[in-house]
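Reader: I would like a close look at a single part of this structure, the sheet, together with what packs around it. Please give the numbers where there are any.

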Amino acid sequence: MPANAAIKFHPGAHTGGSGPIIGRLRAGSGFVNGFLEHADTESFYVHAELDAHMTEFRHLAAARDPKRRPVHSLSSSGLAVAGTLMLPDPALGKAARADRRNDPRRYSLCGVTHTLSSKSAIRAVGELLTTPVQPWDALVCTSQSARAVVVKIIEAQAERLASRTDAPPRPARCNCPSFRSASTPRPTPPIHRPGPGSGHESALRRTTSSS
């Protein structure tokens, strides 16, 4: 069976329409249209947050797919069927926390750097170091320039995290006995077996602390 992936579809990220030319929207629209027209798959898998978004994808597939292949809607729990979830942005960390918390091995994540100038995109790239992203996940850099920006963001985030962890530890101070409740049993003294030559090789005695 040919490899496949579920598309996390949102009209705001994948339909350029006839409005103003916005790079990330035209890129997202081109990706979906190209996938529908040329993907070597037997069907399409879609992960959409709203039924209206799923309906829009079905209309788009009906207009673009020359083979009229079936379209399957997948919830977060069913994404393992596709094997990969294709994101419209670089927010792999957000998807890993939200949809793949219980078992990160169920499917892989693939993001893309259509734009890196917004605060949300910069934050998403920086979170690659602090979120449960796995070695089998990927971030597609659409150009050498985009890759250089990603590397710079990750390096800056790594330096910031290192500067925070270099601070000397502050030991916690507390009176531990005050946290023992009346019902908490006192620790049982360990059993001591005297060694050879003690004169009591066959006896077991409990050690007690001196009063």
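Author: What follows describes the sheet and then moves outward to its surroundings. The model is predicted, and every value below is computed from it.

The sheet is open and has six strands in the order 3-2-1-4-5-6, with parallel pairing. Strand 3 (71–73) and strand 6 stand at its edges; each has a single partner strand, so one side of each is left without a neighbour in the sheet. From one strand to the next, the twist averages 25°.

Strand 5 deserves the closest reading. Strand 4 (residues 84–86) and strand 5 (residues 108–112) run parallel and are joined by three bridges. Across this pairing, Met 86 stands opposite Cys 110 in strand 5. Five of the five residues of strand 5 are buried, so the strand is largely enclosed by the rest of the structure. Ser 108, Cys 110 and Val 112 point one way from the strand, while Leu 109 and Gly 111 point the other way; all are buried.

Leu 109 also belongs to the largest nonpolar core, which has 18 residues. The residues with the most contacts inside this core are Leu 109, Ala 6, Leu 74, Leu 79, Leu 85 and Val 125. Helix 4 (92–99) and helix 6 each supply at least two residues of the core. Ala 6 can be followed further: leaving out residues up to four places away in sequence, Ala 6 touches Tyr 45, Leu 74, Leu 79, Ala 82, Thr 84, Leu 85 and Met 86. Apart from the largest core lies another, of 14 residues, among them Phe 9, Met 54, Phe 57 and Ala 61. In soluble globular proteins, nonpolar side chains tend to be buried together.

Two residues of the second core lead to the aromatic pairs, of which the structure holds three. The ring centres of Phe 9 and Phe 57 are 5.2 Å apart and the ring planes lie at 75°, so this pair is edge-to-face. Planes over 60 degrees apart count as edge-to-face. The pair links distant parts of the chain, with Phe 9 in the loop between strand 1 (6–8) and helix 1 (11–14) and Phe 57 in helix 3 (residues 51–64), 48 residues apart. Phe 9 counts as buried, at 2% relative accessibility, and Phe 57 is buried too, at 0%. The helix that carries Phe 57 lies across strand 1, strand 2 (44–47) and strand 3, and runs at about 170° to strand 3. Elsewhere, Phe 31, Phe 35 and Phe 44 form one aromatic cluster.

Next come helix 5 and helix 6. The buried residues of helix 5 (residues 119–126) are Ala 121, Ala 124, Val 125 and Gly 126, and they pack against helix 6 (144–165). Ile 153, in helix 6, is buried at 15% relative accessibility. Leaving aside neighbours within four places in sequence, Ile 153 is in contact with Ile 122, Val 125 and Gly 126. The C-alpha atoms of Ile 153 and Arg 123 are 8.8 Å apart, although the two residues are 30 apart in sequence.

The loop between helix 5 and strand 6 (138–140) holds Asp 137. Asp 137 is a buried residue, with a relative accessible area of 12%. The side chain of Asp 137 makes a polar contact of 2.7 Å with that of Arg 100, and a polar atom of the Asp 137 side chain lies 2.8 Å from the backbone nitrogen of Gln 134. Beyond four places in sequence, Asp 137 touches Leu 92, Arg 100, Ser 108 and Leu 109, and the last two of these bring the account back to strand 5.

Trp 136 is in the loop between helix 5 and strand 6 as well. At 42% relative accessibility, Trp 136 counts as partly exposed. Not counting residues up to four places away in sequence, the contacts of Trp 136 are Arg 100, Pro 104, Arg 105, Tyr 107 and Ser 108. A polar atom of the Trp 136 side chain lies 3.2 Å from the backbone oxygen of Pro 104. Trp 136 and Arg 105 are 31 residues apart in sequence and 8.8 Å apart in space, C-alpha to C-alpha.

Terms used. Residues are numbered from 1 along each chain as its sequence is written. This is a predicted model: local features need pLDDT of at least 70, side-chain atom pairs count only at pLDDT 80 or more; totals for chains, interfaces and linings use all residues. Side-chain values use heavy atoms; hydrogens and water are left out. Buried means under 20% relative accessible area, exposed over 50%, partly exposed in between (1.4 Å probe, protein chains only). Helices (H or I, at least four residues) and strands (E, at least two) are DSSP runs, numbered from the N terminus. Contact means heavy atoms within 4.5 Å. Rings of Phe, Tyr and Trp (its six-membered ring) pair if their centres lie within 6.5 Å; planes under 30 degrees apart count as stacked, over 60 as edge-to-face and the rest as tilted. A polar contact is a pair of N or O atoms within 3.5 Å; within protein, one must be able to donate a hydrogen and the other to accept it, and residues adjacent in sequence count only if both atoms are side-chain atoms. A nonpolar core is a set of buried Ala, Val, Leu, Ile, Met, Phe, Trp, Tyr and Cys residues joined through side-chain atoms within 4.5 Å. Two strands pair if DSSP finds at least two bridges between them. Axes are lines fitted to C-alpha atoms, for helices over the stretch in contact, and angles run from 0 to 180 degrees between N-to-C directions.
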